[in-house]
Amino acid sequence: MSRYLPLFALASLALAICLLGLSWLAEVLLDRALGVGEWVLLGLVLIAITAVAVRRYRLRHRRRLQDMRDSALW
């Protein structure tokens, strides 16, 4: 777990910065402060987008490693 701790901290910081930026943009567009439910919804959307991006990256990385392994056997 300690190997992934800096990456986890960086991802948490990036998520917080994105959440603050999007909330500021939403407040400007809506001309009012966001409610708690809107904050939660915005956070869930950011987490879902991040999860999809990480999943796609890991799948692409795994395929690349498998291709390298297959080419080394031939």
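# A tour from the pocket to the loop

Start with the largest pocket: 15 residues line it, and Leu7, Phe8, Ala11, Thr50 and Val54 lie nearest its centre. Select those five to find the spot. Two elements, α1 and α2 (36-73), give two or more residues each to this lining. The pocket has a volume of about 540 Å³. How is such a space found? Rolling a probe the size of a water molecule over the atoms shows where empty space is left. Keep in mind that you are viewing a predicted model.

**Next stop: helix α1**

Select residues 5-30, which form helix α1. Count along the helix and you get 26 residues. How far does α1 reach from its first C-alpha to its last? The span is 37 Å, close to the 38 Å expected at 1.5 Å a residue.

Now pick Leu10, a residue of α1. Is Leu10 buried or exposed? Leu10 counts as exposed because its relative accessibility is 54%, and the cut-off for exposed is over 50%. Draw a line from the C-alpha of Leu10 to the C-alpha of Val28. It covers 27 Å in space and 18 residues in sequence.

**Along the surface**

Stay at Val28 and add Leu22, Trp24, Leu25, Leu29 and Leu30 to your selection. Together these residues make a nonpolar surface patch of about 620 Å². Some spacing along a helix is worth knowing here. An α-helix has 3.6 residues a turn, so residues three or four places apart point the same way.

Zoom in on Leu30, a member of that patch. Leu30 sits in helix α1. Why is Leu30 called partly exposed? Its relative accessible area is 45%, and partly exposed means between 20% and 50%.

**Last stop: Asp31**

Step on to Asp31, just after α1. Asp31 belongs to the loop between α1 and α2. Check its backbone: what is the phi of Asp31? The angle is positive, about 60°, although Asp31 is not a glycine. Most residues other than glycine have a negative phi.

Switch on the surface at Asp31. Asp31 is exposed, because its relative accessible area is 71% and the cut-off is over 50%.

To finish, select Met68 as well. How far apart in space are Asp31 and Met68? From C-alpha to C-alpha they are 53 Å apart, with their positions 37 residues apart in sequence counted as a separation.

How values were computed. Residues are numbered from 1 along each chain as its sequence is written. This is a predicted model: local features need pLDDT of at least 70, side-chain atom pairs count only at pLDDT 80 or more; totals for chains, interfaces and linings use all residues. Side-chain values use heavy atoms; hydrogens and water are left out. Patches are made of residues with over 30% relative accessible area and no salt bridge: like charges are joined within 9 Å, nonpolar side chains (Val, Leu, Ile, Met, Phe, Trp, Tyr) within 5 Å. Accessible areas come from the Shrake-Rupley method with a 1.4 Å probe; for residues, only the protein chains shown count as cover. A salt bridge is a side-chain nitrogen of Lys or Arg within 4 Å of a carboxyl oxygen of Asp or Glu. Helices (H or I, at least four residues) and strands (E, at least two) are DSSP runs, numbered from the N terminus. Buried means under 20% relative accessible area, exposed over 50%, partly exposed in between (1.4 Å probe, protein chains only). The expected span of a helix is 1.5 Å times one less than its number of residues. On a 1 Å grid over the protein atoms alone, a cavity is a set of points where a 1.4 Å probe fits but cannot get out, and a pocket is an open set with protein on both sides within 12 Å along at least five of seven lines; lining residues have an atom within 4 Å of a point. Grid points are joined across faces, edges and corners, and a volume is the space filled by probe spheres set on the points.
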